[in-house]
Number of protein chains: 2
Amino acid sequence: MAAVSPTIDTLMMDAAFFAARAAAEAGEVPVGAVVARGKQCISVAHNLVETTPDPTAHAETLALRIAAQRLGVARLSDCTLYVTLEPCAMCAGALEHARINRIVFGAYDPKGGGVEHGARVFQRETCRHVPEIIGGYREKEAAKMLADFFQSLR
Amino acid sequence: MAAVSPTIDTLMMDAAFFAARAAAEAGEVPVGAVVARGKQCISVAHNLVETTPDPTAHAETLALRIAAQRLGVARLSDCTLYVTLEPCAMCAGALEHARINRIVFGAYDPKGGGVEHGARVFQRETCRHVPEIIGGYREKEAAKMLADFFQSLR
């Protein structure tokens, strides 16, 4: 965390929020993600499960895939993943495989999360890589966006 | 399981083994997967993590993505996923999201598995969908293929 200033975190999370709002406009659950390497934004993506259709097309997996393509490596051990919602078990597993250095997420997800809830992927003895994890970053803003989206569907 | 005969399971797992051998020839860890709907093979894929490069490109996630594309839906609730190795947490989470009806896997994976080991994704209270799971199908054959591959690397 030493080399990454709060300002960079803010800017990267801004991009993740921007992507999440684009997802909502496309009728997708509004979750956005960014992969960054220091000050450099490597990829931005949002949930695309219904549009593609692809059950694996969460914001985090898409951001990881694009970043790996751009950097030419499957391991992103010098990168941070920013995402507006706590990653699910699938995405936490993907972040483990990618050897991501750091995860910064917005809202906690007691029902669907796999980091602080449910499968708690990084807390298992067999977990091969445990990144630095910052949960609840701009939590209220992140939770409100999801709540507004689900209310709009009613 | 009633409508699917053992013969179909054998044929579909044959295709998964075939894909796994192709992965080994490409220098990838030999894991192969098939998505089938009854007697119909919808997709076949193998691990492509290093080739692509893509940390999420396990045989199962690729087979799910291709099947969802082919069928035009993100949920594969009438499909079976055949795979030569116990799915990891990422892939188990993907199978949960896909609402897969049934999972048939070959070798158990005490270190990397997320179904019977580690995150045990389908055993969590928050899990939204629990498929029928048949583990250890043609286990010796599946385990030998992996052991042969890792021995060849030494």
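**Exercise 1. The interface of the two chains**

Between chain A and chain B an area of about 2,400 Å² is buried, and carbon and sulfur atoms give 65% of it; in this predicted model, work out which residues and elements of chain A make up its side of the interface.

*Solution.* Begin with the residues of chain A that lose the most area to chain B, which are Pro53(A), Pro55(A) and His97(A), together accounting for 23% of what that side buries. Next, turn to the elements: α2 (59-71) and α3 (89-97) of chain A are those that give two or more residues to the side touching chain B. The contact list then gives the extent of the interface, with 31 residues of chain A in contact with 31 residues of chain B. Finally, consider the polar part, where four residue pairs are found in polar contact across the interface, both residues being at pLDDT 80 or more, while the count of salt bridges between chain A and chain B is zero.

**Exercise 2. The surroundings of helix α3 of chain A**

Determine how many residues of α3(A) are buried, and which elements these buried residues pack against.

*Solution.* Taking the helix residue by residue, one finds that nine of its nine residues are buried, so that α3(A) is mostly covered, buried here standing for under 20% relative accessible area. Among them are Met90(A), Cys91(A), Leu95(A), Glu96(A) and His97(A). Within chain A, the buried residues of α3(A) pack against α2, β3 (80-85) and β4 (102-107), and from the partner chain α3 (89-97) of chain B joins these packing partners. After the helix comes Arg99(A), which has a positive phi, near 55°.

**Exercise 3. Salt bridges and the distance they span in sequence**

The structure holds 14 salt bridges over all chains; for the pairs Asp148(A) with Lys144(A), Asp9(B) with Arg102(B) and Asp14(B) with Arg138(B), establish where the partners lie and whether they are buried or exposed.

*Solution.* For the pair in chain A, the side chains of Asp148(A) and Lys144(A) meet with an N to O distance of 2.7 Å. Because the two residues are four residues apart in helix α4 (residues 139-153) of chain A, they are separated by about one helical turn. Asp148(A) is partly exposed at 37% relative accessibility, whereas Lys144(A), at 52%, counts as exposed.

For the first pair in chain B, the closest N and O atoms of Asp9(B) and Arg102(B) are 2.8 Å apart. Asp9(B) belongs to helix α1 (residues 6-25) and Arg102(B) to strand β4 (residues 102-107) of chain B, so this salt bridge ties together parts that are 93 residues apart in sequence. Both partners are covered, Asp9(B) being buried with a relative accessible area of 4% and Arg102(B) being buried with 1%.

For the second pair in chain B, the side chains of Asp14(B) and Arg138(B) meet at 2.7 Å, N to O. Asp14(B) is in helix α1 of chain B and Arg138(B) in the loop between β5 (132-134) and α4 (139-153), which places the linked parts 124 residues apart. Here the relative accessibility of Asp14(B) is 33%, so that it counts as partly exposed, and Arg138(B) is likewise partly exposed, at 22%. In chain A, salt bridges that share partners join Asp9(A), Arg102(A) and Glu132(A) into one network.

**Exercise 4. Two buried loop residues of chain B**

Compare the loop positions of Asn47(B) and Ala98(B), and find which residues each of them touches beyond four places in sequence.

*Solution.* Asn47(B) is placed in the loop between β2 (40-46) and α2 (59-71) of chain B, and its relative accessibility of 8% makes it a buried residue. The side chain of Asn47(B) reaches the backbone nitrogen of Val49(B) at 3.3 Å. Beyond its neighbours within four places in sequence, Asn47(B) has contacts that include Ala23(B), Glu28(B), Val29(B) and His58(B).

Ala98(B), by contrast, is found in the loop between α3 and β4 of chain B, and at 0% relative accessibility it counts as buried. With residues up to four places away left out, Ala98(B) touches Pro55(A) of the partner chain, as well as Leu64(B), Ala74(B), Arg75(B), Leu76(B) and Ser77(B).

**Exercise 5. A nonpolar patch on chain A**

Identify the residues that make a nonpolar surface patch of about 260 Å², and locate Val29(A) within the chain.

*Solution.* The patch is made by Val29(A), Phe150(A) and Leu153(A). Of these, Val29(A) sits in the loop between α1 (6-25) and β1 (32-37) of chain A, and its relative accessible area of 30% makes it partly exposed.

Methods. Residues are numbered from 1 along each chain as its sequence is written. Chains are lettered from A and ligands numbered from 1 in the order in which they are written. This is a predicted model: local features need pLDDT of at least 70, side-chain atom pairs count only at pLDDT 80 or more; totals for chains, interfaces and linings use all residues. Side-chain values use heavy atoms; hydrogens and water are left out. Patches are made of residues with over 30% relative accessible area and no salt bridge: like charges are joined within 9 Å, nonpolar side chains (Val, Leu, Ile, Met, Phe, Trp, Tyr) within 5 Å. Accessible areas come from the Shrake-Rupley method with a 1.4 Å probe; for residues, only the protein chains shown count as cover. A salt bridge is a side-chain nitrogen of Lys or Arg within 4 Å of a carboxyl oxygen of Asp or Glu. Buried means under 20% relative accessible area, exposed over 50%, partly exposed in between (1.4 Å probe, protein chains only). Contact means heavy atoms within 4.5 Å. Buried area is the accessible area (1.4 Å probe) that two parts lose on being put together, summed over both. A polar contact is a pair of N or O atoms within 3.5 Å; within protein, one must be able to donate a hydrogen and the other to accept it, and residues adjacent in sequence count only if both atoms are side-chain atoms.
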